[in-house]
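Work through the exercises below with the sequence and the structure open. Each task is followed by a solution in steps.

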Amino acid sequence: MELKLVEQLLEKYFQGETTIAEEKQLKAYFSSNDVAPHLAKYQSLFGYFEMQKGTQFEQKLPLQPRKQSTVKWIGIAASFVVLFGLATFYFYPSEPKHEDLGTYDNPEEAFAATHKALLMVSEQVNVGMESVVYLEEYEKTKKTIFK
């Protein structure tokens with residue numbers, strides 16, 4: 001093969017524009033013994049491809065089980081739970097039960113119970129108001145710093 005043709009094919013090869021037939025020509029040239037001295041550096045590249053073509057991976061890879069079956073069963077179980085919940089809702093509707101709602105016949109007992117409930121609510125509101133004092137102090141400080 002002519003040296004000029006080999007150099008042109010090498011240029012096309014490194015630009016990624018060669019055909020398979022042209023690559024075979026390059027491999028045949030570099031596998032021969034009469035390679036030009038300035039092109040000898042590419043001989044190992046094409047020799048490597050020829051050498052690696054014959055190697056084969058012989059180690060067995062362990063296959064991992066698929067996890068899709070688990071996902072499938074979870075989906076089926078979730079759909080049964082939803083169907084069971086809907087069936088319970090439709091077949092056993094909640095009926096209002098007549099329970100003792102805490103009514104009082106005696107007005108003094110009603111007043112005492114109401115007073116007790118309002119005291120409990122007042123305690124919780126006072127706790128909340130303590131934190132509002134901190135927020136007001138924070139706002140004052142922020143306004144003095146960031147005028």
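**Overall make-up**

The protein has 5 helices and 0 strands, where helices (H or I, at least four residues) and strands (E, at least two) are DSSP runs numbered from the N terminus. This is a predicted model, in which local features need pLDDT of at least 70 and side-chain atom pairs count only at pLDDT 80 or more, while totals for chains, interfaces and linings use all residues. Residues are numbered from 1 along each chain as its sequence is written, and side-chain values use heavy atoms, with hydrogens and water left out.

**Exercise 1. Describe the order of elements, the burial and the surface of the protein.**

Step 1. Read from the N terminus, the elements run α-α-α-α-α.

Step 2. Of the 147 residues in the protein, 9% are buried. Buried means under 20% relative accessible area, exposed over 50%, and partly exposed in between (1.4 Å probe, protein chains only).

Step 3. The accessible surface comes to about 13900 Å², and carbon and sulfur atoms hold 61% of that area. Such areas come from the Shrake-Rupley method with a 1.4 Å probe; for residues, only the protein chains shown count as cover.

Step 4. Take the contacts (heavy atoms within 4.5 Å) between residues at least 6 apart in sequence: 40% of them join residues at least 24 apart.

**Exercise 2. Check the length of helix α5 against its residue count, and inspect its start.**

Step 1. Helix α5 covers residues 107-145, which is 39 residues.

Step 2. The expected span is 1.5 Å times one less than the number of residues, so α5 should span 57 Å.

Step 3. The end C-alpha atoms of α5 are 56 Å apart, which agrees with the expected span.

Step 4. At the start of α5, a side-chain oxygen of N106 comes to within 3.3 Å of the backbone nitrogen of E108.

**Exercise 3. Find the salt bridges and say what each one joins.**

Step 1. A salt bridge needs a side-chain nitrogen of Lys or Arg within 4 Å of a carboxyl oxygen of Asp or Glu. Searching the whole structure gives 2 salt bridges.

Step 2. One of them pairs E22 with K12, with 2.9 Å between the closest N and O atoms. E22 belongs to helix α2 (residues 20-31) and K12 to helix α1 (residues 3-15), so this pair ties together parts 10 residues apart in sequence.

Step 3. Compare the accessibility of the partners. E22 counts as buried, at 17%, whereas K12 is partly exposed, at 30%.

Step 4. E139 also forms a salt bridge, with K142, and here the closest N and O atoms are 3.9 Å apart. Both residues lie in helix α5, 3 residues apart, about one turn of the helix. An α-helix has 3.6 residues a turn, so residues three or four places apart point the same way.

Step 5. E139 is partly exposed, with a relative accessible area of 34%, and K142 is partly exposed at 34%.

**Exercise 4. Which residues do T18 and E22 touch?**

Step 1. T18 sits in the loop between α1 and α2 and is buried, with a relative accessibility of 14%.

Step 2. Not counting residues up to four places away in sequence, T18 touches L9, K12, Y13 and E23. With E23 there is also a side-chain polar contact of 3.0 Å. A polar contact is a pair of N or O atoms within 3.5 Å; within protein, one must be able to donate a hydrogen and the other to accept it, and residues adjacent in sequence count only if both atoms are side-chain atoms.

Step 3. With neighbours within four places in sequence left aside, E22 is in contact with L9, K12 and E17.

**Exercise 5. Classify the aromatic pairs around F14.**

Step 1. Rings of Phe, Tyr and Trp (its six-membered ring) pair if their centres lie within 6.5 Å; planes under 30 degrees apart count as stacked, over 60 as edge-to-face and the rest as tilted. The whole structure holds 3 aromatic pairs.

Step 2. The ring centres of Y13 and F14 are 5.6 Å apart and the planes stand at 70°, so this pair is edge-to-face.

Step 3. F14 and Y42 make a tilted pair, 5.3 Å centre to centre with 50° between the planes. This pair links distant parts of the chain, 28 residues apart, with F14 in helix α1.

Step 4. F14 is partly exposed at 49%, and Y42 is partly exposed at 23%.

Step 5. Ring pairs link Y13, F14 and Y42 into a cluster.
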